[in-house]
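Please keep the structure open in your viewer and follow the stops below in order, selecting the residues as they are named.

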Amino acid sequence: MHTPHATRRLPRLGLALAVAVPLVLGGLAFADGSLLKSPQGKGETERNASGTGTPAATTPTRNRASSGEDGGRVTPSSSSSGSGVTTVSIVGSPTVATGSQTVVTSTAAATLPRYTLLAWNDLGMHCVDGKDYSIMSILPPYNNLHAQLIDRQSGKQVTSGVTLSYESLRDPSGSINTFSAGKTNFWQYVKALYGGSPAPDRGLNLSNPAVSNPTPSSRPAAMSFNTVWRWYEAEGLPILPYDDTLTTAGYTKNYYPMVKVVAKNSTGTVLASTQTVLPVSDEMTCVGCHASNSNRDAARPPVRGWANFTANPEKDWKKNVLRLHDDKHANDPVYQAALLKLQPAASGGLALRADQGTPTLCSSCHGSNALNSPGFTVTVNGRAVKISAFTSAMHTLHGKVKDPVKQVALDTIGNRDSCYQCHPGAVTKCLRGAMSDTPNLDCQSCHGNMGAVGKSTRVGWLQQPNCQSCHHDGKRETVAVTDVTTGALRAVTDTRFATEPNKPATGYSLFRFSVGHGKNQCEACHGSTHAEYSSKNQAWASSHDNDLLQSKAIQGYAGTLTECSVCHTSVPLTTNGGPHGLHTIGQAWVNAHGDRVESSGASACKSCHGADYRGTALSQVKVAKTFSHDGRQYALAAGTQVGCYTCHNGPKGD
């Protein structure tokens with residue numbers, strides 16, 4: 001299905017997992033020789049642009065009872081400090097990882113830099129076919145890096161007069177990824193597959209084909225400013241999940257390579273820098289069913305027999321896939337018409353075409369919004385037939401396939417095991433963010449089962465779950481769909497935690513294109529889709545924890561950016577002007593909240609602190625903190641859900 005057009009050129013229709021990649025309408029040539037183009041206009045990326053953000057209007061929320069953080073169930077115990085001040089220790093929920101119990105206090109504004117730089121990848125995981133592109137391709141190496149620079153004195157974005165760049169960064173384990181050419185044969189086949197001719201270690205860019213961004217390396221590379229989305233960007237970075245360490249088994253895998261982003265002024269002075277992850281995985285486990293002589297129940301041998309290409313397991317399963325595809329549609333006139341439409345024509349079938357040196361891009365025939373492909377419409381017996389969209393074809397077909405271990409249809413498996421058969425994965429852990437350890441929350445909780453995702457009426461990569469289906473009316477649901485078989489989302493009226501409507505196109509509402517407080521991107525503070533910043537583990541243990549490093553460096557602990565001082569030199573005292581209508585966080589609010597609640601009431605506090613005012617997950621302290629109030633000090637342990645009963649006897653208590 002062709003991507004709908006907005007009034008301006010559609011932005012990147014991102015790819016998470018393993019089916020497509022985030023590209024924009026604009027310049028992808030497919031195997032039939034066609035070249036899709038989009039109108040060039042105000043949406044084009046520019047090196048510099050003017051404009052600053054202004055704080056967004058937000059829904060009011062007031063809190064008398066908060067001790068200045070965000071919430072948990074508590075058990076107080078008091079002790080004397082010996083200085084006339086009583087210290088009250090609040091014990092947090094034992095289910096929350098606390099890391100060190102060192103008290104974290106706000107750093108004096110004077111010691112913090114003037115600028116804060118936030119960078120993020122647009123999706124929790126991008127995927128690549130792997131090392132070999134000579135047989136077929138589902139998607140190319142393609143990653144997106146976004147960034148916003150904030151002037152803490154004004155609290156607004158800096159959108160002109162600065163330059164931003166990115167470069168490779170060694171992670172705490174010592175892993176670094178500075179090149180891709182030589183780790184894959186992608187550049188040998190990119191013209192035949194995608195119609196582009198980027199130089200080695202340069203990527204495709206379907207947002208602006210004139211710009212071919214390089215693989216992150218030790219040499220800083222420029223980012224450009226996108227006037228539509230108000231972020232600095234580097235599109236189509238061809239990074240791979242193989243770092244620079246070469247062993248006898250090949251290059252060492254690291255699914256979470258790091259990059260450093262640097263902002264400089266016009267004189268070259270560094271204003272700010274940060275570090276973020278460009279996640280990428282080759283963990284598409286097609287080999288589990290399609291390797292020669294494996295799992296005959298899931299994938300019977302092709303008519304031509306198994307490829308038995310033992311010299312290269314990746315080529316082996318890809319050859320088998322093409323042979324099975326030819327077998328399945330051997331007598332289908334629609335398939336025959338599609339084969340003839342490919343250039344060069346594949347009248348003998350896709351497998352033979354690959355043997356003759358021309359690989360197949362799946363989205364040439366099967367449309368993909370993420371890959372900008374409209375797919376093929378062919379004429380058979382005088383009738384125009386539209387070939388199914390790639391996401392529909394894949395999910396519908398494989399939903400009926402048996403899991404090779406459990407031996408039940410994938411569509412009937414109600415957890416991540418079914419999705420992780422193809423999407424990364426048991427090792428990669430694509431779904432690894434703040435929600436990943438929530439009991440009973442799985443891929444199907446938000447997307448529905450494979451049958452729902454594969455519906456022919458579903459618009460792939462635009463018709464996606466939204467935040468408000470779970471986060472609404474002070475609640476935090478663990479299931480967004482009302483029916484797992486249809487994928488219908490829960491409809492709510494509360495917009496406090498909602499994605500923006502009609503972003504990126506009319507009728508759709510996606511987290512990765514939405515903005516919030518100060519017109520900053522939601523992902524800038526929350527982290528990218530499927531990898532939202534988590535506070536569950538404050539300690540770095542492996543490359544899987546590279547996601548934590550930016551938020552820890554910026555605010556002192558891992559998790560959603562909640563400290564007002566991240567963006568404000570002088571933190572404004574507000575009852576409802578913060579993100580999602582939040583009040584000011586910190587000691588200043590502890591001092592002021594009583595008067596604010598007395599004048600405005602406490603009902604708005606329920607959105608975060610609960611209907612019983614005893615705190616919820618939305619008012620949870622992520623790391624241990626101390627505050628003082630009415631001559632007492634309150635030591636809040638990590639995991640404390642702050643409410644009116646944390647420090648006094650309910651919303652009307654003293």
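Begin with the whole protein chain, a predicted model, in which 56% of the 654 residues count as buried. Colouring by secondary structure should bring out 15 helices and 26 strands. If you switch to a surface representation, the protein chain exposes about 26,500 Å², of which carbon and sulfur atoms supply 53%. Among contacts between residues at least 6 apart in sequence, 67% join residues at least 24 apart.

**Stop one: helix α1**

Select residues 186-194, which form α1, and show the side chains of its buried residues, Phe 186, Trp 187, Tyr 189, Val 190, Leu 193 and Tyr 194. These residues lie on the same side of α1, because they cover an arc of only 160 degrees around the axis. Now add Gln 188 and Lys 191, which are exposed and sit on the face of α1 turned away from its buried side. To see what the buried residues of α1 pack against, add β6 (136-137) and β18 (360-361). Just after α1, select Gly 195, which takes a positive phi of about 80 degrees.

**Stop two: the nonpolar cores**

In soluble globular proteins, nonpolar side chains tend to be buried together. Here the largest nonpolar core has 73 residues, and those with the most contacts inside it are Leu 145, Leu 149, Leu 164, Met 223 and Val 261. The largest share of this core, 6 residues, comes from α1, the helix of the previous stop. Centre the view on Leu 149 and, leaving aside neighbours within four places in sequence, look for its contacts, including Tyr 115, Leu 117, Val 158, Val 162, Ala 263 and Leu 271. Apart from the largest core lies another core, of 15 residues, and you can locate it by selecting Trp 120, Trp 229, Phe 513 and Ala 524, which are among them.

**Stop three: Asn 177**

Move next to the loop between β9 (162-169) and α1, where Asn 177 has its place. Is Asn 177 buried or exposed? Its relative accessibility is 4%, so Asn 177 counts as buried. The side chain of Asn 177 reaches the backbone oxygen of Leu 240 at 2.7 Å. Not counting residues up to four places away in sequence, Asn 177 touches several further residues, among them Ser 168, Lys 183, Pro 216, Tyr 242, Asp 243 and Pro 257.

**Stop four: Asn 466 and Ser 469**

Select Asn 466, in the loop between α10 and β21, together with Ser 469, found in the loop between α10 (450-453) and β21 (471-472). The side chains of Ser 469 and Asn 466 are joined by a polar contact of 2.6 Å. Ser 469 is buried, with a relative accessible area of 1%, and, neighbours within four places in sequence aside, Ser 469 is in contact with Glu 477, Val 479, Ala 480, Leu 489 and Arg 490. With the sequence neighbours again left aside, Asn 466 is in contact with Leu 489, Thr 499 and Ser 509. A C-alpha to C-alpha distance drawn from Asn 466 to Arg 512 should read 10.0 Å, although these residues are 46 apart in sequence.

**Stop five: the cysteines**

A disulfide is a covalent bond between the sulfur atoms of two cysteines. How many disulfides does a search of the whole structure find? The search finds 0. Select Cys 443, which is in no disulfide, and then Cys 419, whose sulfur is the nearest cysteine sulfur, 3.8 Å away. Cys 567 is likewise in no disulfide, and the nearest cysteine sulfur, that of Cys 525, is 5.7 Å away. Cys 443 counts as buried at 16% relative accessibility, and Cys 567 counts as buried at 14%.

**Stop six: backbone geometry**

Most residues other than glycine have a negative phi, and most peptide bonds are trans. With that in mind, inspect the cis peptide bond that joins Gln 343 and Pro 344, with omega about -5 degrees; Pro 344 is in the loop between α4 (333-341) and α5 (350-355). Another cis peptide bond joins Lys 503 and Pro 504, with omega about 15 degrees, and Pro 504 lies in the loop between β24 (488-489) and α11 (522-526).

Finish with Asn 372, which has a positive phi of about 70 degrees although it is not a glycine, and which is found in the loop between α6 (362-365) and β19 (377-380). Asn 372 counts as buried at 1% relative accessibility. His 530, also not a glycine, has a positive phi of about 75 degrees; its place is in the loop between α11 and α12 (548-555), and His 530 is buried, with a relative accessible area of 15%.

Definitions and conventions
Residues are numbered from 1 along each chain as its sequence is written. Side-chain values use heavy atoms; hydrogens and water are left out. Helices (H or I, at least four residues) and strands (E, at least two) are DSSP runs, numbered from the N terminus. Buried means under 20% relative accessible area, exposed over 50%, partly exposed in between (1.4 Å probe, protein chains only). A polar contact is a pair of N or O atoms within 3.5 Å; within protein, one must be able to donate a hydrogen and the other to accept it, and residues adjacent in sequence count only if both atoms are side-chain atoms. Contact means heavy atoms within 4.5 Å. The arc is that of the directions from the helix axis to the C-beta atoms. A disulfide is a pair of cysteine sulfur atoms within 2.5 Å. A nonpolar core is a set of buried Ala, Val, Leu, Ile, Met, Phe, Trp, Tyr and Cys residues joined through side-chain atoms within 4.5 Å. Accessible areas come from the Shrake-Rupley method with a 1.4 Å probe; for residues, only the protein chains shown count as cover.
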